[in-house]
Amino acid sequence: MPVILWFRQDLRLADNPALTAAVETGEEIIALYILDTDNTLGGASRWWLHGSLEALAADLGRRGVTLTLRRGRATDIVPALAREAKASAVFWNRCYDPVAIADDEKLAPALAASGVSARSFNGALLLEPSELKTDSGGPFKVFTPFWRALAAQAPFDAPLPAPKKIRAGSPVPSDRLASWGLRSAKPDWAAGLRETWKPGETEAAARLTRFLDGPVSLYAEARDYPAVAATSRLSPHLHFGEISPRQIWAAAEAARHAMPRTANGVEAFLRELAWREFSIHLLHHWPGIVEHAWKPAFDEFPWVEDETHLRAWRKGLTGYPIVDAGMRELWTTGYMHNRVRMIAASFLVKDLLIHWRHGAEWFEDTLVDADLANNRGGWQWVAGSGADAAPYFRVFNPVLQGEKFDADGDYIRRHVPELARLDRRFIHRPWEAPPSVLADAGIVPGETYPAPIVDHARARQRALAAFAKIKGN
DNA sequence: TTTTGAGTTGTTCGA
DNA sequence: GTCGAACAACTCAAA
């Protein structure tokens with residue numbers, strides 16, 4: 001009797017515990033992916049998913065296995081396919097968002113009732129939420145102790161190799177990937193994504209190797225400079241499970257061992273990997289953080305509804321170059337450098353006083369690495385409402401941040417072409433440039449590039465006053 | 001049980 | 001130009 005391997009956010013063959021276990025049964029395997037109708041994916045995520053499934057299907061195809069595509073509710077599709085294919089078991093790697101957890105809790109007994117065994121595995125985390133607790137038995141709420149506790153449990157299980165041979169089950173009816181319309185965007189906005197990214201397990205591994213061969217040695221210092229290619233850019237690959245944190249941890253440790261000069265960079269990089277784990281742990285223990293402030297007092301915060309400001313922010317037309325560069329990088333490439341994410345997020349939440357949920361939703365629609373746990377956690381961190389959040393008085397100054405982390409304005413010139421010829425002295429504050437300088441750069445304020453939509457100094461005062469209202473309550 | 005040091009990423013002001 | 005303090009108070013995690 002065949003067994004079903006249900007692919008979810010683990011679109012890879014290597015270090016895939018569910019796949020390895022399924023292969024080890026010796027039975028024929030039916031590989032399944034479900035496009036869940038309850039999961040509204042953002043446009044950039046849909047674009048990525050298409051490519052990732054294409055790559056997975058090709059990798060499976062080389063082993064003679066067909067990837068079966070179905071659309072619907074996982075809780076309906078999995079038992080139905082098990083009956084249809086007379087499968088004896090279903091294998092999958094666990095996901096940790098609230099919908100997936102609820103599905104798992106329904107599926108296991110439903111399958112058991114029809115005599116199908118269900119086996120789930122950890123393919124997405126170094127340690128699962130149940131495996132990492134404080135001394136008093138509760139979940140961590142502060143990153144640094146979480147990180148210490150996590151690192152203390154290294155080394156983690158060695159990554160599993162991709163199965164050499166997979167016994168293919170008889171084909172069952174499948175949707176065609178194209179029929180899902182994941183890339184049927186009109187107008188075609190995905191040109192920048194195509195130039196920037198290549199979804200799939202092969203590219204994920206190659207990207208990791210390239211990063212560990214070079215940029216990682218500078219990572220600790222250079223990762224904050226958005227014009228410098230010092231980050232791994234593995235986040236979308238990680239989100240879709242084209243690579244696992246165990247693979248990354250093991251490879252990074254190997255690099256540190258082989259090249260001691262990379263030690264600082266590796267340490268900082270693994271810390272960032274641990275932030276992903278921390279976010280997922282938080283989401284697992286407090287699923288309410290998707291919609292509500294983790295600190296309840298913040299649900300009383302006097303957020304401002306301002307559609308005009310929100311639209312200017314989304315389009316990268318705030319008049320603050322570093323914010324606009326970030327928002328345009330996001331729109332054109334499906335990605336934003338981490339430092340700039342903080343600046344742009346702080347601007348929305350603190351300068352414009354717009355609810356972090358609006359920002360989170362826009363990011364989820366436009367980021368190729370959109371990840372519920374990371375994204376919601378990150379936005380709440382910036383807003384000050386999250387676990388281990390930034391203090392309320394930490395308001396990023398977009399001019400100072402720009403001058404500090406993009407001193408020459410290279411990042412801005414790349415993404416805001418109308419400012420490309422502006423002298424570096426004014427690249428972060430074009431409103432202060434003399435008319436002759438603006439003329440030389442071909443800039444007409446208010447026409448080719450907007451004046452600042454708010455005055456930062458005043459916006460900061462307004463934010464501090466607003467945050468004072470909810471303090472201590 | 002109580003105590004204690006610490007907590008991703010900042011800015012401004014005044015000396 | 002540089003530097004330290006203030007910006008709040010609270011909660012966490014471990015001793």
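Here is a short chat about a predicted model of a protein chain with DNA strands.

Trainee: Into which domains is chain A divided?
Mentor: Let's follow the numbering along the chain. One part covers 3-121, and another joins two stretches, 125-156 and 193-285. With 296-470 added, the division of chain A is domain 1, domain 2 and domain 3.

Trainee: How many residues does the contact take from domain 1 and from domain 2?
Mentor: Start with the C-alpha centres of domain 1 and domain 2, which lie 25 Å apart. On the domain 1 side, the touching residues are nine nonpolar, three polar and five charged. The contact takes 17 residues from domain 1, and from domain 2 it takes 17 residues.

Trainee: Is strand β2 mostly covered or mostly open, and how many of its residues are buried?
Mentor: Look at its partners to get your bearings. Strand β1 runs parallel to β2 and is joined to it by five bridges, with Trp6 opposite Leu32. Strand β3 also runs parallel to β2, through six bridges. Strand β2, residues 29-36, is mostly covered, and its buried residues number six of eight.

Trainee: What handedness does the crossover from β2 to β3 have?
Mentor: Tyr33 in β2 has Leu69 in β3 as its bridge partner. Between these strands the chain passes through helix α2, residues 43-61. This β-α-β crossover is right-handed.

Trainee: Which residues come nearest to DNA strand B?
Mentor: There are 18 residues around DNA strand B. By class, they are eleven nonpolar, three polar and four charged. The nearest are Phe143, Thr144, Trp275, Asp388 and Asn397.

Terms used: Residues are numbered from 1 along each chain as its sequence is written. Chains are lettered from A and ligands numbered from 1 in the order in which they are written. This is a predicted model: local features need pLDDT of at least 70, side-chain atom pairs count only at pLDDT 80 or more; totals for chains, interfaces and linings use all residues. A residue is near a molecule or strand if its C-beta atom, placed from the backbone, lies within 6 Å of it. Ala, Val, Leu, Ile, Met, Phe, Trp, Tyr, Cys and Pro count as nonpolar, Asp, Glu, Lys and Arg as charged, and the others, Gly among them, as polar. Domain bounds come from an automatic or database domain assignment. Two residues are in contact if their C-beta atoms, placed from the backbone, lie within 7 Å. A residue is buried if 20 or more other C-beta atoms lie within 10 Å of its own, exposed if 12 or fewer, and partly exposed in between; C-beta atoms are placed from the backbone. Helices (H or I, at least four residues) and strands (E, at least two) are DSSP runs, numbered from the N terminus. Two strands pair if DSSP finds at least two bridges between them. A crossover is right-handed if, with the strands pointing away from the viewer, the path from the first strand over the helix to the second runs clockwise.
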